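Here's a quick walk through the model, written for someone who'd rather be at the bench. Take a look at it first, then read on.

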Amino acid sequence: MRVLAIQTFFQLAIDRRDLVTSALWEHLEMSLISLLISVFVAVPLGIILSHYRQAAEPIIGSTAVLQTIPSLALLGFLIPFLGIGTMPAIVALTVYALLPILRNTYTGIKGVDPALMEASRGMGMGTLQQLHRVQLPLAMPTIMAGIRTAMVLIVGTATLAALIGAGGLGDLIMLGIQRNNSYYILLGAIPAALLALFFDAVLRFVEKKSTGSSITPIATVVIVAVLLVATPTAMSAFNISGSDSQEEITIAGKIGTEPEIIINMYKHLIEQDTDYNIVLEPGIGATDFLFQAIEVGDIDGYLEFTGTAITTLLGEEPESYEEREAFEQAKEGMYSEYNLVFLEPMDYQNTYAIAVTEEIAAELNLEKISDLQEYEDELTAGFTFEFYDRPDGYPAIQEAYNLELNDVQTMEAALRSEALVSGDVQVIDAYSTDSYMIRYNLVALEDDEMVFPPFNGAPLFREDVLEEFPEIEGILNQLGGRISEEEMLEMNYQVDEEDADPALVAREYLEGEGLLD
Amino acid sequence: MIEFQGVSKVFADGTKAVSDLNFRIEKGELFVLIGPSGCGKTTTMKMINRLIDSSDGKIFIQDKNIRDMNMKRLRWNIGYVLQQIALFPHMTIKENISIVPELVKWPKEAISKRVDELLDMVGLDPSTYRDRMPDELSGGQQQRVGVVRALAGDPDIILMDEPFSALDPITREQLQKDILDLQKNIKKTIVFVTHDMDEALALGNRICILKEGSVVQVDTPEKLLQHPSDDFVEKFIGARQDPWGAPLSEMTLYRSRTQAPLKEEVNEFLLTSHSVRAAFEKLKDSEKDSLAVFNDEKEYTGDVSYKDIVLHLEKYHFKDRGGALS
């Protein structure tokens, strides 16, 4: 069993080696650039502060405050200024790395024996000579320790940067979490750990090699890092320069398989009919990140759902549970409030659902949520804490269906379906198009009292983008009313469970529909 | 060589460190600054290489005001030995010694030659010690390197700030002897700060006694002992047991004559009640190498020579090390 698991892991690693290599490279590049910037900022700052000691504590204190901001919050906070992608990730990582380097530089320089400083002054060294020949060499072990701490911090935190579209090994980890696939998680986590160990070993080696010789260790690290980072960047800049006459449109999607498939369809369709170059940013960590990014124009459009637009983005109550009316409400609200345009919605809904296994459904003859009431004393539910807690979740169900389930357990999303299969729970909350519906033979019970607002997916674009590229509207509206819940489920299943390429799945669907040649 | 003219120092916090210092240090002289803690001796010394700037008055080196000189050049020409030794722990002995020669851009070969020569001078074998790190050396060896480092750039002046006070008594004595030898050979102008009167008397050509930031007396050791200018100086010297002031009865005397002379028959003699200092003075004036000593009963008890005085002083030093005043 264990041998099999290891085999499966290595098979996956071999199959996905291109993905792993590029993710590793992105990770390395992102980490190195951040580390370099923070070294360039924090080391000189630490040196300066050691001359102005009154200013030192307040400044170091404020970097400590920056450190306390949760990394995801910091990433989100930067989107209005820097958009999504590598740039805000590098800024956030740099901010995190400042404190350890700054504090260690300051402490290291301050810790140099005053007698040595007086001796060097008495021997007629200037400030820079003192720094170069006495202070830096003696503080170097402390400074390097700070840099190493910062490096580990950066490599670790950089995995979260995947959530704002910066790529890196976090992409693999997030993929694994979404799909409840630990091999993917390991495929991201193991190289990240190795990368941290590798960096640490390099830094330690350099430090040991150059004890007592001041700038040399830092200079070596800097030169190697600059070369490493600059080479591919320079090359890609060179490559891109040939093709930048093309118009570029950026379309993003939330984290998850389904948005990735759908935005791939957008790309196929637009690129078939126009010369525009579509850049996809799949896997963005939160609705809020995407919304901020589209507001500042960092992305041009993304896949949004009507229910989310109404309740989360507009903060309104759904006026109707009828799909079309809900869509009209969302469309009108988003346009008048934010100048964002909803194009035609697709057929399927990705809404909250109450799901049971096929066996239970057949045994108890369950089709609708209202059928549950009869068995409320016998059934145990496994809900995510969010569903259990939010007013439009379980509380709304309880009220609308007068349902009082005997036993409700809250658990991790990924554990729910397994608890259901093992028989520990019989009822779970689910997203209606998620692939585990197929994997575990689940049945979504019909929301006959229409408690959950409609969640139809539709492209949401900036108005100015649609004015500049008017063809897009017609092209994407071809998807309006298409893709049934079964079709979506099937596509999700192919990607999640059979590891198919989302772009390919999208293409096959469009070809099947006759939309793509 | 070095001249203080009305020099005062008031620190930023208002503390008066020294006021109205006026004295002149001659070329080739070992000049000791001494006094109780807080008397301003270290401040006085550090004003010479401008580690501390005077607030008032002028300091001249070779008739040039040090304020008008380039600070780095000034310091390159003044060796500096610290109480804390302060060898740079990340540099080898050679690198430590080479700092000033490198700063003044001597050629590499000249520096190497200089380092070896200096190590030899203080009895450290260059091939053994050149490439060692400071922490591989004993405290005494380290301070030898500290002294040598101050000499490296061939400065005219050397400042020594209680250089031996952190060392054990035997090492200290050895280093004091080394300094005296060195001084004979190299003839540098040395300004030496100490709080140890024995050290001051043993090393100083002249001694400057400071009290609460003012000079009380500047004199040779002999004159200081014979003619203390006031009670403070007398107490300051007297606070230690003065081997010079001990009566000859306390000295171990040897009879060098087979036949005891009669007091009436010798015209130059000493009494057991005479002090060592008196004996020394008398010997200086006499053409003889030794003088007979008689007790109160006019009995011959032995002879005193320079050698006897030296042995007495040496014995005394070992009996009563320290003699710290502060």
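Keep in mind that this is a predicted model. Let's begin with chain B, which splits into two domains: domain 1 covers 2-238 and domain 2 covers 248-320. Measure from one C-alpha centre to the other and you get 37 Å between domain 1 of chain B and domain 2 of chain B.

Now for chain A. Its secondary structure adds up to 23 helices and 10 strands, and its C-alpha trace spans about 95 × 55 × 50 Å along the principal axes. Of the 517 residues in chain A, 52% are buried. Take the contacts in chain A between residues at least 6 apart in sequence, and 77% of them join residues at least 24 apart.

How do the two chains meet? On the chain A side, 17 residues are in contact with 22 residues of chain B. Together the chains bury about 1700 Å², with carbon and sulfur atoms giving 65% of that area. Three residues stand out here: E118(A), M123(A) and R133(A) supply 36% of the area that chain A buries against chain B, more than any other three residues.

Next, the empty spaces. The largest pocket has a volume of about 1500 Å³. It has 43 lining residues, and the closest to its centre are Q178(A), I255(A), G256(A), Y431(A) and D434(A). Plenty of chain A elements give two or more residues to that lining, among them α8 (170-179), α11 (257-273), β8 (427-431) and α22 (485-498).

There are closed spaces too: searching the whole structure turns up five cavities of 30 Å³ or more. The largest cavity holds about 70 Å³ of space. Its lining consists of 13 residues, with G79(B), Y80(B), V100(B), R149(B) and A150(B) nearest the centre. The elements giving two or more residues to this lining are α2 (71-76), β6 (78-81) and α6 of chain B. β6(B) has the largest share, with three residues.

Here are the two linings by residue class.

| Space | Nonpolar | Polar | Charged |
|---|---|---|---|
| Largest pocket | 16 residues | 15 residues | 12 residues |
| Largest cavity | eight residues | three residues | two residues |

Finally, three single residues you may want to click on.

S182(A) sits in helix α9 of chain A, which runs over residues 182-209. Its relative accessibility is 46%, so S182(A) counts as partly exposed. Far along the chain from it is E498(A), 316 residues away, yet the C-alpha atoms of S182(A) and E498(A) are separated by 15 Å.

S484(A) is in chain A as well, in the loop between α21 (471-477) and α22. Is S484(A) buried or exposed? With a relative accessible area of 18%, S484(A) is buried, because the cut-off for buried is under 20%. Set aside the neighbours within four places in sequence, and S484(A) is in contact with D347(A) and Y348(A).

Over in chain B, D131(B) is in the loop between α5 (126-129) and α6 (139-151). At 56% relative accessibility, D131(B) counts as exposed, because exposed means over 50%. D131(B) and K94(B) are 37 residues apart along the chain, and 6.2 Å separates their C-alpha atoms.

Technical notes: Residues are numbered from 1 along each chain as its sequence is written. Chains are lettered from A and ligands numbered from 1 in the order in which they are written. This is a predicted model: local features need pLDDT of at least 70, side-chain atom pairs count only at pLDDT 80 or more; totals for chains, interfaces and linings use all residues. Side-chain values use heavy atoms; hydrogens and water are left out. Domain bounds come from an automatic or database domain assignment. On a 1 Å grid over the protein atoms alone, a cavity is a set of points where a 1.4 Å probe fits but cannot get out, and a pocket is an open set with protein on both sides within 12 Å along at least five of seven lines; lining residues have an atom within 4 Å of a point. Grid points are joined across faces, edges and corners, and a volume is the space filled by probe spheres set on the points. Helices (H or I, at least four residues) and strands (E, at least two) are DSSP runs, numbered from the N terminus. Ala, Val, Leu, Ile, Met, Phe, Trp, Tyr, Cys and Pro count as nonpolar, Asp, Glu, Lys and Arg as charged, and the others, Gly among them, as polar. Buried means under 20% relative accessible area, exposed over 50%, partly exposed in between (1.4 Å probe, protein chains only). Contact means heavy atoms within 4.5 Å. Buried area is the accessible area (1.4 Å probe) that two parts lose on being put together, summed over both.
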